[in-house]
Amino acid sequence: MSAAPSPSVLPVDGQWRRLSPLSPVVRGGAALLGVLVVLPNLVANGVDPRRAGDRIVAGIVAAALLCLSVVGAVVSWLVTRWRIAGGNLQIETGLVRRQSFRVPLTRIQAVDVVAPLTARLVGVAEVRIVSAGRGQDRARLAYVRSDEAHAIRSQLLALAHGLTAETPEPPAYPLLQVPGGRLAGSLALRSATLIPLLAVVGLLWATTASPGGAARALEFSFGSLVAALALHVVAVAQAFNADFDFRISEAPDGFRLDRGMLQTRHETIPFGRIQAVRLVEPLLWRPLGWCRLDVDVARQRVSRRADQGAHIVSRTLLPVAPREQVLWLLARVTPHAQPSPPPGSRVPRRAWVKAPLSRHLLAAWHDERYLYARTGRLTAATVVLPLAKLQSLRLSSGPLQRAFGLATLRGVSAGQRWAALAHCRDAQEAGAWLWTLIDRARAARRAPSPWRDLQAGVATASVESGDRPQPHREEGLHDDGRQPVRDPRLH
Amino acid sequence: MGAGIELTSISPRFWRARQTLLALLAVPFLFLLVGFGIGEALGGQRLGIVQAVLGAVLVVLAWLVERGRYLSWGYAEREDDLVVSRGLLFHRLTVVPYGRMQLIDVTAGPLARAFGIATVQLHTAAAATDARIPGLERHDAERLRDRLAAIGEARATGL
């Protein structure tokens, strides 16, 4: 949490406000830089150094392009304004095609603050508002001053919960961190990194073993291998940059994620939006006992223009951690879940016919609240689907499966990424499960879920504390019987 | 796989519409393959008979597969959910709780309209949910839509 909101950043009065004057610089930052680097060279040498006339033309064209882009960015900044009025956040933008966009404050689900590298350099950040319904990729304020961004964030959250704008952000209890060393190790052990590395090593070894024939092969393939390796290094560096200094904490309204080295993000995953959780164990992590925890979130759409990756909503709850930490966090997300396959959850031996490469990992089981399904060939991925979130169930069987008495059961949630896929079960068992699960899902929908309790807790706390100047919003967390977090494993 | 569920089958008009479509596609095929085959056979080429028989068998097979697919469609309105069964080779049984319905579509193309049938499609928040019932008679489709909408409103649950 940043400094207390000062009166200058209090837009509740309905005054139109502009974005930071630096936003055109950040938006067109890369292009501007590119032109500035190319321009002097272009003017000095021209496209073809032998013809002098080219220089002037090239210079004029480049300068015109530069001017156009600068003017465009400035105009875009000039015509964009926003305000909070009448219970809405309003954003207006566009010179020719005027767009007015409003988000009802009560429908705001989360407010994220994202700062790409260029934005951080000039001290601005983007505020992204996640609301129920569509068109969420337009609800963003890019860019505002960094301290202002955090103030706007806490104000919007307070207003969304029906509190006065001055209410400070509720405290978040730190849960877990990922040390940089472990992150680096986990990225190095990704199979995508290891394969080209092994290929290079193998090739070098082949060369030393038989210098004659292999030398020619080396000549041909070494360059492309090195290029592939370099690409992987870049990808790993990006992943490292994105997940560096990963911290997850729990606030009354959801999980807070803070991460990033060059680009920082401060995100919230509201409890109610989590549709399913997935525990991932890549092959090479298993000796070290590491896992990853992913979440699937309702109606999550990645923006078409992923400029600098700033719009991609977080889907990783914990990038890498020892198994017991991951299970501990999983228990907070999905209370009472049992993510290890119990006896009898494996598929019958004959499933080998349909799934020869994944039979050793296939498993599915269920209890009163969750449907679990483990799939994968090398990487074991266990999906935990809360039955209360189940949208539909499908039992399917192809000709080959029917011949061997097998069937596949698929549980679908409102998330967009993965279903709980109980692949190649015994047909009789799968058929019986279908009706059991439908009944259990109905019961689960009617029973209050722990998430709803949590949200209700926040709501009651905010009603109670309506007019108090400094309400303790964390009361909601204690009221519903959940203890404040004390994790001995915190680093 | 039905586990004691009484599935309502779809209208025979759907089968008639399908047969019409099949005839539109198969008749030119028959003409080409069987007609030419017989012609060749009459002209003294033995292989023409094989060609004609092959064409006829293919058409009969297509007809049988379509027949099987038509018979495999079925649905049941249970107390809390809708069950849709489909598929001959790749059989699928989908269960959608009424509380999860977000949108109900009734569509009818030109051919379907000519035969007085319509398709009812259920949408949930999950894009993967595939609950479609084709070939319901118009008034049946409208009744089902209204009934589902009424139930859905009463049982709607949040995400």
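These legends walk through close-up views of a predicted two-chain model.

The model is predicted, so local features need pLDDT of at least 70 and side-chain atom pairs count only at pLDDT 80 or more, while totals for chains, interfaces and linings use all residues. Residues are numbered from 1 along each chain as its sequence is written, and chains are lettered from A and ligands numbered from 1 in the order in which they are written.

**View 1. Chain A meets chain B.** The contact draws on 22 residues of chain A and 24 residues of chain B; two residues are in contact if their C-beta atoms, placed from the backbone, lie within 7 Å. On the side of chain A that touches chain B, β18 (390–397), β19 (406–413) and α11 (427–446) each supply at least two residues. Helices (H or I, at least four residues) and strands (E, at least two) are DSSP runs, numbered from the N terminus. By class, that side of chain A has 11 nonpolar, 8 polar and 3 charged residues. Here Ala, Val, Leu, Ile, Met, Phe, Trp, Tyr, Cys and Pro count as nonpolar, Asp, Glu, Lys and Arg as charged, and the others, Gly among them, as polar.

**View 2. Strands pair across the two chains.** β18(A) runs antiparallel to strand β3 (residues 91–97) of chain B, joined by 5 bridges; strands pair if DSSP finds at least two bridges between them. Look for A:Ser397, which stands opposite B:His91 in β3(B).

**View 3. An open sheet in chain B carries helices.** Its 3 strands follow the order β4-β5-β6, with antiparallel pairing. β4 (101–107) and β6 (131–137) are the edge strands, each pairing on one side only. Neighbouring strands are turned by 20 degrees against each other on average, direction ignored. Between strand β5 (residues 117–124) and β6(B) there are 5 bridges, and B:Val120 has B:Ile133 as its bridge partner. Helix α1 (residues 12–42) packs on the sheet, touching β5 and β6 of chain B, and its direction makes about 90 degrees with that of β6(B). Axes are lines fitted to C-alpha atoms, for helices over the stretch in contact, and angles run from 0 to 180 degrees between N-to-C directions. Helix α4 (residues 138–155) lies across β4, β5 and β6 of chain B, at about 170 degrees to β4(B).

**View 4. Two helices of chain B lie side by side.** The axes of α1(B) and helix α2 (residues 47–72) of chain B come within 7 Å and cross at roughly 170 degrees. That crossing makes α1(B) roughly antiparallel to α2(B), a label for angles over 145 degrees. Their contact has 18 nonpolar, 5 polar and 3 charged residues.

**View 5. A hairpin in chain A joins β2 and β3.** β2(A) and strand β3 (residues 88–93) of chain A run antiparallel, with 5 bridges between them. A:Arg81 stands opposite A:Glu92 in β3(A). The hairpin has 2 residues between the strands, and A:Gly86 takes a positive phi near 55 degrees. Strand β1 (residues 17–18) of chain A also pairs with β2(A) in the antiparallel sense, over 2 bridges, and there A:Arg18 stands opposite A:Arg81.

Key. Angles under 35 degrees count as roughly parallel, over 145 as roughly antiparallel, 65 to 115 as roughly perpendicular and the rest as oblique.
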